[in-house]
Amino acid sequence: MTIAGNPPDVLPQANEPCWCGSGRRYKRCHRASEGRVLPGVISPMRSVPDHIERPSYAATGLVERWDEPVVKSDEVIERMRHAGRVAAEVLRLSGEFLRPGITTDEVDEYTHGLFIERGAYPSTLNYHGYPKSLCSSANEVICHGIPDSRVIRDGDIMNLDVTGFIGGVHGDTNATFLIGEVSEENRRLVRVTEECMWLGIDAVRPGRPLSDIGRAIEEHATAHDYGVVRAFIGHGIGEQFHTDIQVLHYYDSRATTVMRPGMVFTIEPMITLGSWQHRMWDDGWTAVTSDGRWTAQFEHTILVTEDGAEVLTGGDGAVSAGNPLSL
Ligand code: MF3
Ligand code: CO
Ligand code: CO
């Protein structure tokens, strides 16, 4: 059957043929999913010029793993500051590009170009075979949405997750953007999700267990009656996109790893209006809420310092530049 991203403005009557071209009656085809995000057409992989340094999986899609120190040297940290700044700037510019009427594939084309202009490789491209240069996750999509022919609509909430590889290291950051007139309920979800990320960052302290981060995030989400997604977590990052450190966004007494100065990991809570449970699309990447309710996410790459945290993907150029609660 035809793969189509968006239904037309005027929908068929229940017994008329579905707009997607399947030949089935509308009521037996797309009616149940109207208003949901649907898979669209994914364009061919974009190429990266030869002069840009690429991670080893870029050619094969196969991700090798090796032992990487959890505490980074000053020299690696300096390179990670740069990668973080590049990712932060690409995220902000990509967010400014968003508007109703364009496709997420057009966003991918734009973001891909931003990385290349800066001499960076878009880390997601061919990572375990992932086909695009960023993740774009709308509405009930929790994470890892693949840019495609779906048209962005007024009222959507759109998470863009960008990761850049430059100087041999990765910087990873994401934010949820409001498209046009977003309902009060969804605006509140996005605001509280950003607060959850900052409360998690505020909990970063050398000598304390990683479980402090999840506790801070979960407490704030629960106070608003929101769900905390459990299947996707923050991660160590460095010369590899994902390393062994696991950062849960909910409290688990087993998360006893003690934070030490020089550790670098992401904090990236996914918060839902309803259930925290997820379902996967057949593409093997797109994670959606099991109940179809909307969800938001924010992410920063964090360095543990002697007395707290340095936000490597933060700073003036970042979308989420400071804790909205401490303003
Ligand atoms: N950037 C995502 C993260 O925050 C990972 C995306 S991996 C991809 O960890 F393959 F889906 F792109
Ligand atoms: Co991440
Ligand atoms: Co990310």
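Visitor: Why is D172 called buried?

Guide: Buried means under 20% relative accessible area, exposed means over 50%, and partly exposed lies in between (1.4 Å probe, protein chains only). D172 has 3% relative accessibility, so D172 counts as buried. This is a predicted model: local features need pLDDT of at least 70, side-chain atom pairs count only at pLDDT 80 or more, and totals for chains, interfaces and linings use all residues. Residues are numbered from 1 along each chain as its sequence is written, chains are lettered from A and ligands numbered from 1 in the order in which they are written, and side-chain values use heavy atoms, with hydrogens and water left out.

Visitor: What makes D172 a bridge between the cobalt ion (ligand 3) and the cobalt ion (ligand 2)?

Guide: D172 coordinates both ions, which are 3.3 Å apart. Donors are N, O and S atoms within 2.8 Å of the metal (3.2 Å for Na, K and Ca); water is not among the atoms, so sites may look incomplete. The protein donors of ligand 3 are D161 (OD), D161 (OD), D172 (OD) and E299 (OE), at 2.1 to 2.4 Å. For ligand 2 they are D172 (OD), H235 (NE2), E268 (OE) and E299 (OE), at 2.0 to 2.2 Å.

Visitor: Why is the arrangement around the cobalt ion (ligand 3) called irregular?

Guide: Six donors count as octahedral if opposite donors are over 155 degrees apart and all others between 65 and 115. Four count as square planar by those limits, or as tetrahedral if all angles lie between 85 and 135 degrees; anything else is irregular. The six donor atoms of ligand 3 subtend angles of 58 to 168 degrees, so the arrangement is irregular. The site of ligand 2 is irregular too, with angles of 52 to 164 degrees among its six donor atoms.

Visitor: How do you know that the cobalt ion (ligand 2) links distant parts of the chain?

Guide: Look at the spacing of its donor residues: D-x62-H-x32-E-x30-E. D172 lies in strand 5 and H235 in strand 7 (residues 234–236), 63 residues apart. H235 counts as buried, because its relative accessibility is 5%. E299 is at 0%, so E299 counts as buried as well.

Visitor: What makes strand 4 and strand 5 a pair?

Guide: Strands are DSSP runs of E with at least two residues; helices are runs of H or I with at least four, and both are numbered from the N terminus. Two strands pair if DSSP finds at least two bridges between them. Strand 4 (residues 157–166) and strand 5 have ten bridges, in the antiparallel sense. They form a hairpin with two residues between them. In the turn, G167 has a positive phi of about 65 degrees. Strand 5 (residues 169–178) is mostly covered, with nine of its ten residues buried.

Visitor: How do you know that C20 is in no disulfide?

Guide: A disulfide is a pair of cysteine sulfur atoms within 2.5 Å. A search of the whole structure finds zero disulfides. For C20, the nearest cysteine sulfur is that of C29, 3.7 Å away. For C135, it is that of C143, 7.5 Å away. C135 has 5% relative accessibility, so C135 counts as buried.

Visitor: How do you know that helix 5 spans close to the expected length?

Guide: The expected span is 1.5 Å times one less than the number of residues. Helix 5 (residues 211–223) has 13 residues, and 18 Å is expected. From its first C-alpha to its last, helix 5 reaches 18 Å.
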